[in-house]
Each structure stands twice: as C-alpha cells, then as structure tokens.
Amino acid sequence: MSTPAKDGMEVPARYWAMLTMSLGITMAVLDGAIANVALPTIAHDLQADPASSIWVVNAYQLAVTVTILPFAALGDVIGYRRIYLCGLVAFTLASAACTASDSLVTLAIARVVQGLGASALMSVNSALIRFIYPRAHLGRGIGINAVVVAASAAVGPTVASGILAIGAWQWLFAINIPIGAVTFIVAYRSLPPTPRQSSSFDVLSAILTALTLGPLIIGIDGAGRGEDGLLVAAEFLVAFVSGGLLVWRQWNVPAPFFPFDLLRIPIFALSMCTSICSFAGQMLAYVALPFLLEGALGFTDVQTGLLMTPWPLAIVFVAPIAGRLSDKYPAGLLGAIGLAIFAVGLALLATMGVHPTRIDVIWRMAVCGIGFGFFQSPNNRTIIGSAPRNRSGGASGMLGTARLVGQTTGAAIVALAFARVPAHGEAFALYIGVGLAAAAAGVSALRMRHTLPTY
C-alpha cells in the first residue's frame, strides 16, 4: 500500500491510484446506463412484462440515491480507502449475481446490491482524489475524473449494443467480474490511507437521510410522469417529515450526515446551487433532444445517437483544460463563462429551424458540450476544495447528490413541458434549460465575491 506525501502522492504512485479511480467510476457509470438498452431483451428472456422490467434500472438508481450520503459520512469515520475497496467487492460480487440471475426478482435484488457498491465508489471518489493530487494540482485530478464520467456516459449505449450484438445480456454484467477483480488488486496496492474521525456512525441519521432523499427523488420523478397526486403528495410528505427530523437531530453536530456545516460555507452552498441547476438543464436537453430530432426533424434513432455524440465528446476534450485552469483562476469566473456558453448552445438548438442539416446540429451540440465541460471541472474542484479535509467525504457525497437531484428534476420538467405544451414541448423544454443555465451562470458569478478556503 502506498503512503501519500503530506500534500498528495508522488509520481508514479499517483498515476496508479488514478487508474483504479478511473476504472471504478467507469464501471459504476456504465452500469447505470447500459441496462436501459438491454431492457427489452431482459424482459423477453426472463418472461417479465415491460413495466416490471423497469426495476432492473430503478433498483440500481434508487440504491445509489438513498445511500450515497451515508456512505460518504461512513468514509469520514472509517476512511475513504476502506469504503472504496468495500464498494469494489460488493459491485463485483453483485455483477456475478446479476450474471447468474434466472428471474426478474433475483436480478432486481442483485442490482440493488450492485447499486450499493456503485454508491460506495461514487460517494468517496472525489474525496480520494483530494488525497491523491497535491493541493496545487487538484483541478487536474477533478478534470480527469470529469472526463472519465463523461466518456463512460457517452459510450454506455454503444458498449451495450456491441455486447448484445455478439452475446447474451448476461455479458453486460459478466464483463465487470475480471475488471472488478483487477481494479481491487490495483486499488489495494495504490490508494492512499486517509484520516479518520473519532466519532461513531449514526445509524438513525443514515435511515433518515435515505427516507429524505429516496421519497424526494421518487416524488419528483412521479410528479413529472403524472402519477397519482395523492401518492406523489405522500412521497413528498415522507421526505419533508424525515428531512425535518434529520435537521433536528443533526443541525449542531460537528460532522452531520447531511452536511449542514458545509452548506454554511458560502462558496460551497453557491457551488451546490450551480451544480443542481446545471445538471437539471443538461437532463432537460438530454431527454428533450431525441424527441426533437426524431419526432419533429425526422432523423432516425441511429442518426440521433450520432448527432448527440459531439456533446459528451466536447466535454472529454474541454474538462481537462478547465480543470487545469481552475488551479489558477477563480471557479466563479470559469463557471459563469462555461454556463453562459452552455445557455447559448441550448438556445441555438431550440431555434435551429425545421430543416437543419447534420452539421447544423453537430456544431450546436458541440457548443453545449464545450460550455458544460468548461463549467463542470472548476465547479467540482470548488465543492471538494472548499470543505475541510476531514469533511472531504461529505463534500464528495453532496457532489453526487446534486447531480442526482438536478437530473431527476430536469427529467420531471421535461415530462411536464410535454404535458402542458404538447405541440412544442421539446423547444419549450430547451428554453427552460436556457433559463436554468443562465440562472446557474449568475449564481456562479456570485462566487467571485468569496475566496476558496485553504485546508
């Protein structure tokens, strides 16, 4: 096991540590996306109806949502390295269970365990990067992480389609077994030890956190899809009551599960608001654009997939550059510039007319990706860097929570836009995305009034 220098790790140990971080987060992100492509095949093979098969996806996402903050808090207590290693073990074993599943029930249960493993990986991913990279180069590490996440999300459907073209759906999960085993070996030898807190793990607060975030995310999603009003209201009520009890229990705790202490840091709170708004705008576009390109503009599904590829590809190229710049320039300025470009890109997509060429679509997608990539790395660096080092887990967990809440909210807004403005729902949703991106740019600019603490 490598021992880190006081401020980050030395080369080449740093590269080995980042390799295992990249492999772990790639598996977690890929498995959140590839199952969508295989749902019809899985439903047919397991003789399940399409509605029930959705739980193959929902079980994974829900497990991640309700446990990401508790795992981050547990990482503060027992060390981020241990959480990451345990997450790798759980994810790999659950992948084997998914491969061996012979019914929808057993597959859904295995996906829950796999989601718990992915949640453990995601919860401390950014916290570990803080101990891998020196303080002066933290933006580079965050930028590399953003590239890995964007690339994994971009190639997810392609990887799934390729595997299904040559083999059964079980191979979607079986491929994780050797990768997970190799990643664990590298992680065990390379990841740095991290400091631990003397406090104990608060199980009741973990339950309250899950009962707050789980029903909240489900309620937002249900409201967007037009579910029964009483059911949605009940879900929001559970989230509200649980959240109130969580605040009452944890408000004055030095290291709370839901990091109220970090939200009292102005630049951290502003960065969280920026993150939620920007991810909501991104998901608005990701959901609305396929309907616009296929339904209104007449492109095929294959063409639509290819036309949307410049967005994540632009993030892959821009995020590392933005990460390096964030080590020298204020994230508030970089984020405001990136989000303004993002807003312009969405506006260009919403107004490109009824007969656009492929080039018309491609360069507009690239503008969106450039803007989002220019914002993401500096914003993530600020969220992690503005927290005390012993609270890196809480900051890392909040980073993932902001993404989940923003994406869920964005998807729900798209559904509402389609319901309220059926004739022009796609364009209306994109205009809402423009507003969210512009608002996020304004909030990002406010961060220029605050300096990043040095811990």
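**Overall architecture and salt bridges of the predicted model**

The chain contains 18 helices and zero strands. The structure described here is a predicted model, and its residues have an average pLDDT of 84. A score of at least 70 is reached by 95% of the residues. Confidence varies along the chain: helix H4, residues 80–100, has the highest mean, at 94, while helix H2, residues 50–53, has the lowest, at 68. Over residues 1–5 the pLDDT stays under 50. The model has 17 contacts beyond four places in sequence for residues 1–5. Where pLDDT is low, the predicted coordinates should not be read in detail.

The overall dimensions were examined next. Along its principal axes, the C-alpha trace spans about 60 × 55 × 45 Å. The radius of gyration of the chain is 21 Å, which agrees with the value near 23 Å that a compact globule of 455 residues would have. Of the 455 residues, 55% count as buried. Among contacts with a separation of 6 or more, 83% are between residues 24 or more positions apart. The accessible surface of the chain amounts to about 18,700 Å², and carbon and sulfur atoms account for 71% of that surface.

On the surface, a nonpolar patch of about 480 Å² is made by Phe-201, Val-203, Leu-204, Ile-207, Leu-211 and Val-238. The element that gives the most to this patch is helix H9, residues 203–224, with four residues. Val-203 is found in helix H9.

Near the start of the chain, the peptide bond from Val-11 to Pro-12 is cis, with omega near 10 degrees. Most peptide bonds are trans. Pro-12 lies in the segment before helix H1, which covers residues 13–45.

Helix H3, residues 55–78, includes Val-66. Val-66 has a relative accessibility of 18% and therefore counts as buried, the cut-off being under 20%. Apart from neighbours within four places in sequence, Val-66 is in contact with Ala-210 and Gly-214. Val-66 and Ala-429 are separated by 363 residues in sequence, and their C-alpha atoms are 28 Å apart in space.

Four salt bridges are present in the structure. One of them joins Asp-76 and Arg-391, with the closest N and O atoms 2.8 Å apart. Asp-76 lies in helix H3 and Arg-391 in the loop between helix H16 (358–385) and H17, so this pair ties together parts that are 315 residues apart in sequence. Both Asp-76 and Arg-391 are buried. Arg-391 also forms a salt bridge with Asp-261, in which the closest N and O atoms are 2.9 Å apart. Asp-261 lies in helix H11, residues 260–263, so the pair of Arg-391 and Asp-261 ties together parts that are 130 residues apart in sequence. The relative accessibility of Arg-391 is 4%, so Arg-391 counts as buried. Asp-261, at 17%, also counts as buried. Asp-76, Asp-261 and Arg-391 are thus linked in a network of salt bridges.

A further salt bridge is formed by the side chains of Arg-381 and Asp-327, at 2.9 Å from N to O. This pair links distant parts of the chain, 54 residues apart: Arg-381 lies in helix H16, and Asp-327 lies in the loop between helix H14 (310–326) and helix H15 (331–350). Arg-381 has a relative accessible area of 10% and is buried.

Ser-392 is found in helix H17, residues 392–420. With a relative accessible area of 0%, Ser-392 is buried. Leaving aside neighbours within four places in sequence, the contacts of Ser-392 are Asp-76, Tyr-80, Ala-127, Arg-130 and Phe-131. One of these residues, Asp-76, belongs to the salt-bridge network with Asp-261 and Arg-391.

Note on methods:
Residues are numbered from 1 along each chain as its sequence is written. This is a predicted model: local features need pLDDT of at least 70, side-chain atom pairs count only at pLDDT 80 or more; totals for chains, interfaces and linings use all residues. Side-chain values use heavy atoms; hydrogens and water are left out. pLDDT is the predictor's confidence in each residue, from 0 to 100. Helices (H or I, at least four residues) and strands (E, at least two) are DSSP runs, numbered from the N terminus. Contact means heavy atoms within 4.5 Å. Patches are made of residues with over 30% relative accessible area and no salt bridge: like charges are joined within 9 Å, nonpolar side chains (Val, Leu, Ile, Met, Phe, Trp, Tyr) within 5 Å. Accessible areas come from the Shrake-Rupley method with a 1.4 Å probe; for residues, only the protein chains shown count as cover. The radius of gyration is taken over C-alpha atoms; the globule rule is 2.2 Å times the number of residues to the power 0.38. Buried means under 20% relative accessible area, exposed over 50%, partly exposed in between (1.4 Å probe, protein chains only).
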